[in-house]
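Colleague: Could you take me through the empty space inside this protein, step by step? I am new to this, so please explain the terms as you go.

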Amino acid sequence: AGDTDILVDAGSRSSSVPAIKSYLDNYVTDGVLEYVVATHADRDHIAGFAAKEGIFDLYECKTIIQFARTTKEKSPTNVYKDFKTKRDAEVAAGAKCYTALECYKEENGAQREYDLSEKVKMKILYQRFYEEDTNDENDYSVCFLLTHGDRNFLLTGDLEKDGEASLVEKNTLPKVELFKAGHHGSYTSSSDKLLSVIQPKIVCVCCCAGSIERKTAPERLFPAQDFIDRVAKYTDRVYVTSMRNFELKDGVYVNTNEFTSLNGNIKVISDKDEVKVECSASDKPLKDSEWFKKYRKMPEAWAA
């Protein structure tokens with residue numbers, strides 16, 4: 001936003017850092033990230049912060065906004081321990097660090113709303129798991145709204161269905177230009193309750209489509225058929241970063257070693273005239289991809 005640079009999360013492995021840096025350096029010309037948001041403490045969201053030569057080492061970070069709670073305090077992972085060490089070093093070097101709850105309550109110098117530029121604001125939203133315990137780390141996710149004039153852009157980390165219900169109940173949410181799909185396009189997120197309120201025009205899914213990372217039915221692999229069916233009621237402009245093919249062997253679905261882009265890097269650009277999408281690979285929405293045609297069913301809303 002103008003000269004202000006904001007990074008949200010830095011997953012998913014320590015080896016992700018060079019790819020993140022090569023992208024950031026197209027925009028971060030002064031070595032400074034004015035805002036860093038760590039949505040929650042799962043490895044695929046903080047590994048790039050925790051890496052030996054990670055984001056906190058490579059950039060000066062002015063303000064860090066992070067999750068208010070985490071299950072990792074009771075059972076800390078090595079990645080979480082390293083994240084805390086790197087974050088604390090950044091704070092010792094002059095960064096300010098606030099939880100999402102401190103921001104919402106405007107405590108200890110934190111703000112609920114930050115002016116990123118003359119016309120762009122970042123508003124930290126409230127959801128119940130900033131203050132309540134849960135066994136699902138995803139539901140601790142920081143949620144916020146970017147506004148550019150009368151345009152709105154919603155990011156909810158990996159927030160799940162219960163957290164989304166709270167988000168709707170505790171905030172006055174507008175219709176949005178962009179929704180970054182909850183939990184990588186999982187069937188457990190992007191619920192009807194949330195979507196019916198925000199009615200997104202564009203949905204971006206950060207995932208490796210079809211990657212079998214947990215035992216579940218193929219139609220529930222990211223991006224899930226349930227997710228697609230729900231989103232299809234509002235838009236057919238759904239974009240997905242990458243994919244990993246899978247196949248049926250002896251009655252069991254297994255991944256192949258074929259990784260490739262679907263849309264690649266997805267840029268959603270809001271300027272004075274319009275909101276547009278530019279992708280580094282294909283500009284085609286998900287429904288027009290070969291992956292979708294092979295592995296997913298066309299929702300009625302998209303077939304019409």
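Modeller: Here is a close look at the cavity, followed by the protein around it. The model is predicted, so local features need pLDDT of at least 70 and side-chain atom pairs count only at pLDDT 80 or more, while totals for chains, interfaces and linings use all residues. Residues are numbered from 1 along each chain as its sequence is written, and side-chain values use heavy atoms, with hydrogens and water left out.

Rolling a probe the size of a water molecule over the atoms shows where empty space is left. A cavity is a set of points, on a 1 Å grid over the protein atoms alone, where a 1.4 Å probe fits but cannot get out. Grid points are joined across faces, edges and corners, and the volume is the space filled by probe spheres set on the points. The count comes to 1 cavity of 30 Å³ or more, and the largest cavity holds about 40 Å³.

Which residues line the largest cavity? They are S211, E213, R214, T216, R220, L221 and F222, where lining means having an atom within 4 Å of a point. By class, this lining has 3 charged residues, 2 polar and 2 nonpolar. Asp, Glu, Lys and Arg count as charged, Ala, Val, Leu, Ile, Met, Phe, Trp, Tyr, Cys and Pro as nonpolar, and the others, Gly among them, as polar.

Now for the surroundings. Buried residues, those under 20% relative accessible area with a 1.4 Å probe and protein chains only, make up 52% of the 304 residues. The C-alpha trace spans about 55 × 40 × 40 Å along its principal axes.

Methods:
On a 1 Å grid over the protein atoms alone, a cavity is a set of points where a 1.4 Å probe fits but cannot get out, and a pocket is an open set with protein on both sides within 12 Å along at least five of seven lines; lining residues have an atom within 4 Å of a point. Buried means under 20% relative accessible area, exposed over 50%, partly exposed in between (1.4 Å probe, protein chains only).
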